[in-house]
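Trainee: I am new to this structure, and I would like to understand how its labels are earned. Could we look at it together and set the values beside the definitions?

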Amino acid sequence: KIGELGDRKIDELMGTADNISWTPSSPCSEARDYIKDIILYLDTTLTFTETLDQPLQDDVSSRAFRRVADCMLGLLLGTGPNTFKKFNMAAIRSLEIDLTEMENFARTKSTANKNLVSYFTELRQYITLLLSDSMEEFLEPRTRAKQYPLIANIQQLIALLQKYTGESSGFFHKDEKLKKIQALIKKLKEL
């Protein structure tokens, strides 16, 4: 019951991410309000669970952080209720700031038995790939296995990459990142 209530509240707080701009002119300088609200909620909730047995505390915290991680990943991949049609790198840099804030908070709540940061690993891999200057290395099996083992759904990755709009860099100049992404999409379709 505690878990279900927590899931609903996390979903409600993630719902405020509807207001995120996926094509901002510049990245945010700090974590956005929806992340700050989730952290405040989790900090308060997890403080109240400190009277419970350690295994139950671990279950509550694991479920909560897993839910946040799934919601944030769904936000990026468009698998949740808050989907977007286009994005640029400023939006991804902002999402990275949000993710880093959540990872840092998860570190403070992790225990010897539970590494709560691990729930955010798949999202971290997507963001790392999107921000990479050498995205084409994803095509190399060794690199993919080592750096991006959780990015397994190639069709989902292609769908995400196709939403990249590029950055405005002048009237006739094509964004270099856009060129790289288009080349990567072409090669991924050949896999």
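**Labels and their cut-offs**

Mentor: Let us begin with R124, which is buried, its relative accessible area being 19%. Please keep in mind that this is a predicted model, in which local features need pLDDT of at least 70 and side-chain atom pairs count only at pLDDT 80 or more, while totals for chains, interfaces and linings use all residues. Residues are numbered from 1 along each chain as its sequence is written, and side-chain values use heavy atoms, with hydrogens and water left out.

Trainee: Why is R124 called buried?

Mentor: Buried means under 20% relative accessible area, exposed means over 50%, and partly exposed lies in between (1.4 Å probe, protein chains only). R124 has 19%, so the word buried applies to R124.

Trainee: What makes the contact between R124 and E103 a salt bridge?

Mentor: A salt bridge is a side-chain nitrogen of Lys or Arg within 4 Å of a carboxyl oxygen of Asp or Glu. The closest N and O atoms of R124 and E103 are 2.6 Å apart, so the pair meets that definition. This pair links distant parts of the chain, with R124 in helix α5 and E103 in helix α4, 21 residues apart; helices (H or I, at least four residues) are DSSP runs numbered from the N terminus.

Trainee: Is E103 buried or exposed?

Mentor: E103 has a relative accessible area of 9%, and therefore it is buried.

Trainee: Which other side chain meets E96 in a salt bridge?

Mentor: The side chains of E96 and R124 meet in a salt bridge at 3.2 Å, N to O. Here too distant parts of the chain are linked, since E96 lies in helix α4 (residues 89-109) and R124 in helix α5 (residues 121-131), 28 residues apart. E96 has 27% relative accessibility, so E96 counts as partly exposed.

Trainee: How do you know that K9 and E12 form a salt bridge?

Mentor: Their side chains come to 3.3 Å, N to O, which is within 4 Å, so the definition is satisfied. Both residues lie in helix α1 (residues 2-15), 3 residues apart, about one turn of the helix. K9, with a relative accessible area of 29%, is partly exposed.

Trainee: How many salt bridges does a search of the whole structure find?

Mentor: The search finds 10 salt bridges.

Definitions and conventions. Helix = DSSP H or I, 4+ residues; strand = E, 2+ residues; numbered from the N terminus.
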